[in-house]
Amino acid sequence: IADSHDDVLTDNADKKTIQDEPINDTHIIEPDKHSSLDIKLYDPNNLVFLIDVSKSMKDSSQLPWVKANIVEMISQLRSIDKISLMTYANGVQILTNGTSCTDKQMLFETIDTIKTRGSTRGEEGIKKAYRLAKKLYIPKGNNQIIIATDGGFNGLGENRTSLFEYI
């Protein structure tokens, strides 16, 4: 069975791939001047990472992927940016509380210690994340809560609607 995208991968007589073209200066992609988070161009970040560490995150091998991506995001941040790391399972833990990105190594070491445990208390985690984000709010800054989860929330029942309203 042929893939509908086979023509992209093969050299058809009437089509050429990028590999068929000679390499010259026109193929060099210039980096976007605004791609880095220049302090003069972008407001400070206050990011709260709320990480699901329930057993389902281990069973699906998602936690290592989540941790690697959070490390990558933090790597791109500046000294003026603040990071909070929170986990939730049977309960909620605040691992870092508005830590400056001047201490990235400590943030990376903290992320490395995160392990899966227990059930999913997502509602409690979300509410605490909002309280922490509000407490650390940066006026005119980029204030965000980033939730890393496989989507399972135990015990919501009729609280699902009130949680969505809270968000």
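## Aspartate 81 and the sheet around it

The side chain of aspartate 81 reaches the backbone nitrogen of arginine 78 at 2.8 Å. This is a polar contact (a pair of N or O atoms within 3.5 Å; within protein, one must be able to donate a hydrogen and the other to accept it, and residues adjacent in sequence count only if both atoms are side-chain atoms). The model is predicted: local features need pLDDT of at least 70, side-chain atom pairs count only at pLDDT 80 or more, and totals for chains, interfaces and linings use all residues. Residues are numbered from 1 along each chain as its sequence is written, and side-chain values use heavy atoms, with hydrogens and water left out.

Where does aspartate 81 lie? It sits in the loop between α3 (62-75) and β2 (82-88). Helices (H or I, at least four residues) and strands (E, at least two) are DSSP runs, numbered from the N terminus. Aspartate 81 is buried, with a relative accessible area of 0%. Buried means under 20% relative accessible area, exposed over 50%, and partly exposed in between (1.4 Å probe, protein chains only). Leaving out residues up to four places away in sequence, aspartate 81 touches Asp43, Pro44, Asn45, Thr99, Ser100 and Cys101. Contact means heavy atoms within 4.5 Å.

### The whole chain

The chain has six helices and four strands. From the N terminus, the order is α-β-α-α-β-β-α-α-β-α. Of its 167 residues, 31% count as buried. Take the contacts between residues at least 6 apart in sequence: 72% of them join residues at least 24 apart. The accessible surface comes to about 11,000 Å², and 53% of it belongs to carbon and sulfur atoms. Such areas come from the Shrake-Rupley method with a 1.4 Å probe; for residues, only the protein chains shown count as cover.

### The sheet

Strands of a sheet pair through backbone hydrogen bonds, either parallel or antiparallel. Here four strands form an open sheet in the order β3-β2-β1-β4, with mixed pairing. Two strands pair if DSSP finds at least two bridges between them. The edge strands are β3 and β4 (142-148), and each pairs on one side only. From one strand to the next, the twist averages 10°. Axes are lines fitted to C-alpha atoms, for helices over the stretch in contact, and angles run from 0 to 180 degrees between N-to-C directions.

Strand β1 (residues 45-52) pairs with β2 in the parallel sense over seven bridges. Seven bridges also join β1 to β4, and these two run parallel. The table gives residues of β1 with their partners.

| Residue in β1 | Partner | Partner strand |
|---|---|---|
| Valine 48 | Serine 84 | β2 |
| Valine 48 | Isoleucine 145 | β4 |
| Aspartate 52 | Tyrosine 88 | β2 |

Is β1 enclosed or open? Eight of its eight residues are buried, so β1 is largely enclosed by the rest of the structure. In a regular strand the side chains alternate between the two faces of the sheet. In β1, Asn45, Leu47, Phe49 and Ile51 point one way. Asn46, Val48, Leu50 and Asp52 point the other way.

### Helix α4

Which residues of helix α4 (residues 104-113) are buried? They are Lys104, Leu107, Thr110 and Ile111. Seen down the axis of α4, these fall within an arc of 120°, so they line one face of the helix. The arc is that of the directions from the helix axis to the C-beta atoms. The face turned away from the buried side carries the exposed residues Gln105, Asp112 and Thr113.

The buried residues of α4 pack against α3, β2 and β3 (92-100). Helix α4 lies across β2 and β3, running at about 165° to β3.

### Two more residues

Valine 66 is found in helix α3. At 8% relative accessibility, valine 66 counts as buried. Not counting residues up to four places away in sequence, valine 66 touches Ile51, Met57 and Ala148. Valine 66 and isoleucine 111 are 45 residues apart along the chain, and their C-alpha atoms are separated by 9.8 Å.

Lysine 140 is found in the loop between α5 (122-135) and β4. Is lysine 140 buried or exposed? At 73% relative accessibility, lysine 140 counts as exposed. Its phi is near 60°, a positive value in a residue other than glycine.
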